[in-house]
Amino acid sequence: MMQDCPKCKGKGSVIVGYKECSSCGGTGYADSFEMGNHFKGVNSKAAAKFDLGADQDIPCEICNGKGQIAVYEDCDYCNGKGEISVCKKCGKPIDPKFEICRDCHMKMQEEKARKEQQKTDVYVIDPLCEMKDINKDYLYKGKITRVEKYGAFVTLNNNVWGLMRCNTSGYKVGDEVITKIVAVKPREHKIDMAPAVVSNYNIKKLTKQIPRTRIEDLEDEMGKVVRIDGEVLQIQQTSGPTIFTITDETGVTWVAAFDQAGVRAYPDIEVGDAVEVIGDVNQHGGKTQIENQSLTKLDGAKKEKLYQIIEEALNKRAEPEDVDFLVKSDVLNRLKPKMREAAQKIRRAILDGRSILVRHHADADGICAGIAMEKAVIPLIEKVNQSSDAQYYYFKRSPSKAPFYELEDVVKDLSFALEDQERHGQKLPLIVLLDNGSTEEDITALMQAKIYDIEVVVIDHHFPGELITKEIEDGEIVGGTVEVDEYVDVHVNPYLVGGDSQLTAGALATEVAHIINPEIKDTIKHLPAIAALGDHADSGEVYQYLEIAAEKGFDKEHAAKVAECIDFEAYFLRFMNGRGIMDTIVGIDNVDKHDKMIEALYKEYQKRVDTQLKAALPNIEKTQFDNGIYFNLMDVEKFAHKFTFPAPGKTCGFVHDKVVKELGEDKPIITLGHGPDFGVIRATDAVNEMFGFSVNTIVSELAEDIPSAGIDGGGHECAGSIKYLEGLGEDVLDDFVDKIKNMQKV
């Protein structure tokens, strides 16, 4: 509110001093003159009226005869405006942007709070309240459902209603009214009500207090109304109700909430929210489900306490059992903490309701690793999620053609994961990479996964590069990290603890699968032997795994056939996992068909390999260099059948094995099968032992020598591949041959 400034009286300026009048020179009078002369020519009667016969002094018109004039300045109280803002309550001057002063504001707030406290409480009851929860003389808000001459029937919820006796002329069905409870008659199941007129009231929700039921105990409460507190794992909109998947510290259940057909119920509830659910327990489609009556989001201390309870319980449940390895191994013992961490991460993802996405190399080693993981994880998923199709929602296994996580693979995985999150409300998955994920070539794909904060577990035996950090005890490496560790959550690789590629991914994944789910030990214990033979591994652990496989009826010869049949079938499966077929081939499922399957596949396998070798062997360029290395060069693009099994990489392996069989495994033999823009390298262990040969090292050196060739590749010490630009293919091959020719014994 504005009013005149009390200092300047609304003028906007005040007198600060006086100065001499410049008009009269300080005399206060204007110059004198003769009145007679002034009236010359004027009517004599008019002149006579003044009767002025002498000269007269006239006051100054500027200073009004004072001889001084006032000096003004803008009023500093109102800044020259002439008015000020005052509190409309008490009149105290205030800042113009406010209407009332601070003191009056505080008084108003206090008055408002006092009035709030004096408001009448009006109760709205939740769907579970019954007649026994209603109190006499309390006010309740309800809805008129029927109007008669003698009164209106008011419903407070589906369980509670009564008769409000009143003049019904002003009421109609559907009106919301406030009623006072006059009497509660439980025996007659009647409630008498009266109209209540209140203008100042608080709405309070009356919630029936129901003790919390844990999800694992729901089956014992069938047909009853229960309350569960949990975290939302998934939200699915059906053509009817909205289905919320809820977890607590004991299990997972489903809550069906209906608003309208096909319309999302509780749109404010999102995945990850802590909620309180009240509803009826029943069964739907063979699984326990809650028909929702109320679903409330928890906040503050309740939410934090629930999260803490769930976190602690799930961490405890995810902790794997302390089981022994299938074989005795120093490398495995040093890797055990990482392997247990990987097992715990996978078990926790299952309990969290996240899907497990397994990627593995499409060869015998990678497929054995994938099958072992599949057989360990799926039973746990089905135990946690009772849905008949849970394994298809929460587990996916996909082969990768390359021995590393390609961009093509990660793009597919991310696309499906984000689509499932959008369409089905699923959490983002845990990615488990088997027989790939350790090398520099994997980093770009892993970086993309990390952008979405997707957790990644790697179980691999490819050379991951030089250790960045090392932990050494008694002169041996007992732990270390590599560049790829920046992008993965758990990395299991024998190189990190001083091991090598002879402990295959199939063996490592089987051991981790055994830790995850010890009950499947007998089902998968023969897989490491098949994986080792498929990868031509040779170590103390391999011989122990062969003995275990033999006990199950897989002697070395049969296990080798199985490995070869896996590679053969994988060629035609391409990007399919071949779950049923591969289970039969490895003798895990359809065991009665296993022998027939191996016999049929192995015959065709041998036939195709023989056909390929007949074309390739006569065209090998064999040389023995002065340093003793036997070098075999073959153009697989020109002298091998295309678009059939075996592919160029496998063909090179078969040719190498044939030469080794002729010369002996103790000889230093290197075979290079090449095409216009690629090379496949195989070498005996003798080359590595005698000359320190490593595919990864030689690929790195070639990349430094010919940077314009775009060289990429790698693998194990004695098996790998290389890619380069076709136009510089001859330069790359010449440099490769020179390096082999000039290698010196270590």
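The legends below describe close-up views of a predicted model.

**View 1. Surroundings of D365 in helix α6.** D365 belongs to helix α6, which covers residues 364-384. The residue is buried yet has no salt bridge, and the nearest side chain of opposite charge, that of K650, is 11 Å away. The side chain of D365 instead reaches the backbone nitrogen of A505 at a distance of 3.3 Å. When neighbours within four places in sequence are left aside, the residues in contact with D365 are D435, H461, T504, A505, G506, A531 and D535.

**View 2. The salt bridge between R397 and E374.** The side chains of R397 and E374 meet in a salt bridge, with 2.8 Å from N to O. This pair links distant parts of the chain, since R397 is in strand β20 (residues 395-400) and E374 is in helix α6, 23 residues apart. R397 counts as buried because its relative accessibility is 3%, under the 20% cut-off, and E374 is likewise buried, with a relative accessible area of 1%.

**View 3. The salt bridge between K739 and D705.** Here the side chains of K739 and D705 meet at 2.7 Å, N to O. K739 lies in helix α20 (residues 729-741) and D705 in helix α19 (residues 695-705), so the salt bridge ties together parts that are 34 residues apart in sequence. K739 is buried, with a relative accessible area of 19%, whereas D705, with a relative accessible area of 42%, is partly exposed.

**View 4. A salt bridge within helix α5.** E341 forms a salt bridge with K338, in which the closest N and O atoms are 3.9 Å apart. Both residues lie in helix α5 (residues 330-351), where they are 3 residues apart, about one turn of the helix. E341 counts as partly exposed at 34% relative accessibility, and K338 counts as partly exposed at 35%.

**View 5. The loop that holds D485.** D485 lies in the loop between β24 (476-481) and β25 (490-492), and its side chain makes a polar contact with the side chain of H491 at 2.6 Å. Leaving aside neighbours within four places in sequence, D485 is in contact with G480 and H491. The C-alpha atoms of D485 and P464, which are 21 residues apart along the chain, are separated by 9.7 Å.

**View 6. A nonpolar patch on the surface.** I15, Y18 and Y72 form this patch, and together they have about 360 Å² of accessible area. I15 is found in strand β2 (residues 13-20) and, at 44% relative accessibility, counts as partly exposed.

Key
Residues are numbered from 1 along each chain as its sequence is written. This is a predicted model: local features need pLDDT of at least 70, side-chain atom pairs count only at pLDDT 80 or more; totals for chains, interfaces and linings use all residues. Side-chain values use heavy atoms; hydrogens and water are left out. Helices (H or I, at least four residues) and strands (E, at least two) are DSSP runs, numbered from the N terminus. Buried means under 20% relative accessible area, exposed over 50%, partly exposed in between (1.4 Å probe, protein chains only). Lys and Arg count as positive and Asp and Glu as negative; His and the chain ends are not counted. A salt bridge is a side-chain nitrogen of Lys or Arg within 4 Å of a carboxyl oxygen of Asp or Glu. A polar contact is a pair of N or O atoms within 3.5 Å; within protein, one must be able to donate a hydrogen and the other to accept it, and residues adjacent in sequence count only if both atoms are side-chain atoms. Contact means heavy atoms within 4.5 Å. Patches are made of residues with over 30% relative accessible area and no salt bridge: like charges are joined within 9 Å, nonpolar side chains (Val, Leu, Ile, Met, Phe, Trp, Tyr) within 5 Å. Accessible areas come from the Shrake-Rupley method with a 1.4 Å probe; for residues, only the protein chains shown count as cover.
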